[in-house]
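Biologist: I am new to this structure and would be grateful for a guided reading of it. May we proceed by question and answer?

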Amino acid sequence: MANLKFIGIIPARYASSRFPGKPLAHIGSMTMIERVWRQVSLALDNVWVATDDQRIYDAVVGFGGNVVMTSADHRSGTDRCREAYEKIGSGEDVVINIQGDEPFIEPRQLQAIMSCFDDDSTEIATLVRRFDPAGGYERLADPNTPKVVVDEQMNAIYFSRSVIPYLRNVPVEKWHESHVFYTHVGMYAYRANALDKITQLPQSSLEKAESLEQLRWLQNGYKIKVGVTDCQSIGIDTPQDLENAIKLLDIK
């Protein structure tokens, strides 16, 4: 990994059905996108916001961040990352795609995903978290929290909104305390040549079924190396999520 160069790209859209303008929502003294950028900058020297909105662009310029304007037509953050990487043109080996609604991301999460590239064969990497049984079965079964199964080399076998694996002969209400389940943390890293290739793939049947873009890569034969993090980051999907996070962390 010491010989690889990494770039962090934060896709940020203004439009959101549940929280329009989310990147510009204030968390204490700064906007959400500024908090994400500053947290990521604790671990990476080269961090950019990729947006399709002039308001977000101007806000990033205002706090002194790096920002690049990208197309409004992208299907996913991965596609936006590819365009941004090509426009920036700094030529890093690995692109890290960081979600713009994770304002409390920790540097050690970025270190965990970067360490996946200690293995020279790694083309794509992501993070998982061990599910805490104290959360109960209902939280485990939440379809908004994708589950992951991995092989002995910590490569992803499958991602699903259903609970996987199925525990035969174990009552469902005891599943969460009878097996080590992994839940997905939505951060990706790609070698630049792999990013170019995967963004040219058509949507796959499994991706359409589960609405999980990483299944397109698996279905086309790519391996996804998995790093494990114990950080309990807080994602912000709605205004209520933001309000709860501010109260929980006592942000002024």
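**Salt bridges and exposure**

Biologist: R82 has 22% relative accessibility. In which exposure class does R82 count?

Modeller: The model is a predicted one, and the value for R82 is 22% relative accessibility. Buried requires under 20% and exposed over 50%, with partly exposed in between. R82 therefore counts as partly exposed.

Biologist: R82 forms a salt bridge with a residue whose closest N and O atoms lie 2.8 Å from its own. Which residue is it?

Modeller: R82 lies in helix α3, and its partner lies in helix α6 (residues 192-198). The pair therefore ties together parts that are 114 residues apart in sequence. At 29% relative accessibility, the partner also counts as partly exposed. The residue is D196.

Biologist: R82 and E86 both lie in helix α3 (residues 77-88). How far apart are the closest N and O atoms of their salt bridge?

Modeller: R82 and E86 are four residues apart, about one turn of the helix. Residues three or four places apart in an α-helix point the same way, because the helix has 3.6 residues a turn. E86 is partly exposed at 47% relative accessibility. The closest N and O atoms of the R82 and E86 salt bridge are 3.1 Å apart.

Biologist: Which residues are linked with R82 in a network of salt bridges?

Modeller: Side chains of opposite charge can pair when their charged atoms come close. R82 forms one salt bridge with E86 and another with D196. The residues linked with R82 in the network are E86 and D196.

Biologist: How many salt bridges does a search of the whole structure find?

Modeller: The bridges of R82 with E86 and with D196 are among them. R38 and E34 form another, with their closest N and O atoms 2.8 Å apart. The search of the whole structure finds 13.

Biologist: R38 and E34 are separated by about one helical turn. Is E34 buried or exposed?

Modeller: R38 and E34 are four residues apart in helix α1. R38, at 34% relative accessibility, counts as partly exposed. For E34 the relative accessible area is 13%, and the cut-off for burial is under 20%. E34 is therefore buried.

**Helix α1 and the cores**

Biologist: How many of the 10 residues of α1 are buried?

Modeller: The buried residues of α1 are M32, I33, E34, R35, V36, W37 and V40. The helix is mostly covered. The number buried, out of 10, is seven.

Biologist: Which helix gives the largest share of the largest nonpolar core?

Modeller: This core has 37 residues, and I10, V40, V49 and I96 touch the most other members. The largest share, five residues, comes from residues 32-41, that is, from helix α1.

Biologist: How many residues are in the second, separate core?

Modeller: Its members include C81, V128, Y190 and A194. This core is separate from the largest one, and its residues number 28.

**The cavity**

Biologist: How much space lies in the largest cavity?

Modeller: A search of the whole structure finds one cavity of 30 Å³ or more. Its lining consists of I98, Q99, E102, I105, Q109, V185, G186, M187 and S233. The space within the largest cavity is about 60 Å³.

Biologist: Which strand gives the largest share of the lining of the largest cavity?

Modeller: By class, the lining has four nonpolar, four polar and one charged residues. The largest share comes to three residues. These three come from residues 182-191, strand β10.

**Backbone features**

Biologist: Which peptide bond is cis, with omega near 0°?

Modeller: Most peptide bonds are trans. This bond leads into P165, which lies in the loop between β9 (156-160) and β10. The cis bond runs from I164 to P165.

Biologist: What is the phi of N169, which is not a glycine?

Modeller: Most residues other than glycine have a negative phi. N169 lies in the loop between β9 and β10, and at 75% relative accessibility it counts as exposed. The phi of N169 is positive, about 70°.

Biologist: What is the phi of S211, also not a glycine?

Modeller: S211 lies in the loop between α7 (205-210) and α8 (214-219). It is exposed, with a relative accessible area of 53%. Its phi is positive, about 55°.

Note on methods:
Residues numbered from 1 in each chain as written. Predicted model: local features only at pLDDT ≥ 70, side-chain atom pairs only at ≥ 80, totals over all residues. Heavy atoms only, no water. Core = buried A, V, L, I, M, F, W, Y, C linked by side-chain atoms within 4.5 Å. Buried < 20%, exposed > 50% of the residue type's maximum accessible area, 1.4 Å probe, protein only. Helix = DSSP H or I, 4+ residues; strand = E, 2+ residues; numbered from the N terminus. 1 Å grid on protein atoms, 1.4 Å probe; cavity = no way out; pocket = protein on both sides within 12 Å on 5 of 7 lines; lining within 4 Å. Points joined across faces, edges and corners; volume = space filled by probe spheres on them. Nonpolar A, V, L, I, M, F, W, Y, C, P; charged D, E, K, R; others polar. Salt bridge = Lys/Arg side-chain N within 4 Å of Asp/Glu carboxyl O.
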